[in-house]
Amino acid sequence: MKKRKSHDNYNINMKLLDTFKSFEEFESCFEVYKNTNYVDYFIKDCKTLASINAKYPNGIMVTALIALKYYYIKFCCVHGGSHKNKLHLTNASHRNTMRQGCEAGIYLRVSDDGKSLVITKMTEIHNHEISRVLYSHLPNQRKINPAKKVITLELMDLKANKKMIQNKIMNDSGRIITLKDLSNIRTTARKHDSINNIVEVINKLKTKHNCNVEVSTDEANNFNGIFIQDRFIAESIHAFPEVVFADATNKLIDLRLPVYVLVTEDGNGQSEIAEIGLLVNEEEQTLRWFFKRLKNLIQFQLILGDMKERKVIKQVFPEVSLTICLFHTLRTINREITCDKRNVTHDERDSTKEIIQNLVYCKSEFTT
Ligand SMILES: [Zn+2]
């Protein structure tokens with residue numbers, strides 16, 4: 001087994017049985033290897049020394065050098081794996097287009113004496129073209145540093161031409177960057193903006209849109225929910241308090257907070273929004289806070305969509321009749337009456353559904 005002398009002796013042709021005194025040493029060699037051979041890898045599998053020692057507290061690896069970090073680690077070419085392989089769900093669409101079934105890979109493990117990492121398997125045959133240009137277009141090589149990111153954002157805010165920004169960054173850093181990368185930087189930054197400026201949003205709602213806004217926070221001053229009502233909305237609930245419809249939707253806004261919408265029915269049978277709430281969670285306390293705002297306003301009936309927390313609502317409105325909306329009732333019936341669940345024939349299932357539908361839509365007790 002050959003020993004590596006020092007960091008200066010980078011072997012750009014890393015090979016089988018090469019040893020490393022630390023994971024850091026391997027990483028710097030690997031970096032040079034990747035950049036000179038124009039190949040890129042991802043970690044396919046690994047086990048850290050910490051985890052193996054936690055599992056076997058009396059095992060031989062307890063004395064292994066901490067700087068080795070891994071018990072074993074397996075790198076695969078970024079073009080490895082098949083299209084069906086969806087290990088990286090977060091980046092699936094992006095990564096899957098790169099999967100070409102390349103078998104190239106490097107496998108390192110701790111030596112028996114626990115003093116070094118050894119390359120015990122290495123395949124360098126790639127089934128795809130390898131070139132500097134292709135390499136520089138790979139996502140890992142296109143990453144830009146935070147300082148450059150700030151400059152990019154500033155330029156984009158000034159509405160600079162995207163092509164010009166791209167040109168500048170590529171010249172400055174000598175790296176490839178695509179127009180799509182630039183758009184992604186903008187989108188991620190925007191997400192951060194919208195998360196952080198709740199105070200700004202509330203002020204805008206109050207001053208610009210004349211809204212009645214209330215915010216609920218917990219003991220630690222964490223945001224729990226927001227209640228929004230503009231003047232027009234407030235009038236509608238006062239004018240038509242007999243029936244209020246309530247439902248929540250989870251996929252309306254980027255933050256995925258449940259959006260609660262309460263709607264009233266006006267004299268013309270038209271719906272009017274009565275209140276909007278963005279709630280961080282659907283726990284009793286939060287829901288109670290939200291519904292209490294309407295406490296003295298609803299007079300007869302509250303019609304609910306697909307809402308689980310009926311208990312809270314019953315507590316807040318004990319004297320109000322609570323109904324589940326027709327659409328959701330029919331949907332549930334549709335889901336529950338199946339041949340499998342009820343052990344009925346197709347004909348029986350269809351006729352049952354028809355009878356229920358006729359019952360639901362009949363105009364009075366006397367029509368059929
Ligand atoms: Zn490859």
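These are my notebook entries on confidence, one sheet and one loop residue in this structure.

**Confidence.** I began by noting that the model is predicted, and I then looked up its pLDDT, which averages 79 over the chain, with 87% of the residues at 70 or more. Among the elements of the chain, I found the highest mean pLDDT, 94, in strand β4 (residues 105-110), and the lowest, 46, in helix α3 (residues 92-96).

**Stretches I set aside.** I marked residues 1-11, where pLDDT stays under 50 and the model has 13 contacts beyond four places in sequence. I marked residues 85-96 as well, where pLDDT also stays under 50 and the model has four such contacts. Where pLDDT is low, predicted coordinates should not be read in detail, so I left it at that.

**The sheet.** I traced an open sheet of five strands, whose order is β1-β5-β4-β3-β2 and whose pairing is antiparallel. The edges are held by β1 (19-20) and β2 (41-48), and because each has a single partner strand, one side of each is left without a neighbour in the sheet. I followed β1 to its partner, strand β5 (residues 117-123), and found that two bridges join these antiparallel strands. Within this pairing I noted that Phe20 stands opposite Leu117 in β5.

**A loop residue.** I turned next to Glu319, which lies in the loop between α12 (310-316) and β12 (321-324). I asked whether Glu319 is buried or exposed. Glu319 counts as exposed, because it has 7 C-beta neighbours inside 10 Å, and the cut-off for exposed is 12 or fewer. Finally, I noted that Glu319 and Phe300, 19 residues apart in sequence, are 8.0 Å apart in space, C-alpha to C-alpha.

Terms used
Residues are numbered from 1 along each chain as its sequence is written. This is a predicted model: local features need pLDDT of at least 70, side-chain atom pairs count only at pLDDT 80 or more; totals for chains, interfaces and linings use all residues. pLDDT is the predictor's confidence in each residue, from 0 to 100. Helices (H or I, at least four residues) and strands (E, at least two) are DSSP runs, numbered from the N terminus. Two residues are in contact if their C-beta atoms, placed from the backbone, lie within 7 Å. Two strands pair if DSSP finds at least two bridges between them. A residue is buried if 20 or more other C-beta atoms lie within 10 Å of its own, exposed if 12 or fewer, and partly exposed in between; C-beta atoms are placed from the backbone.
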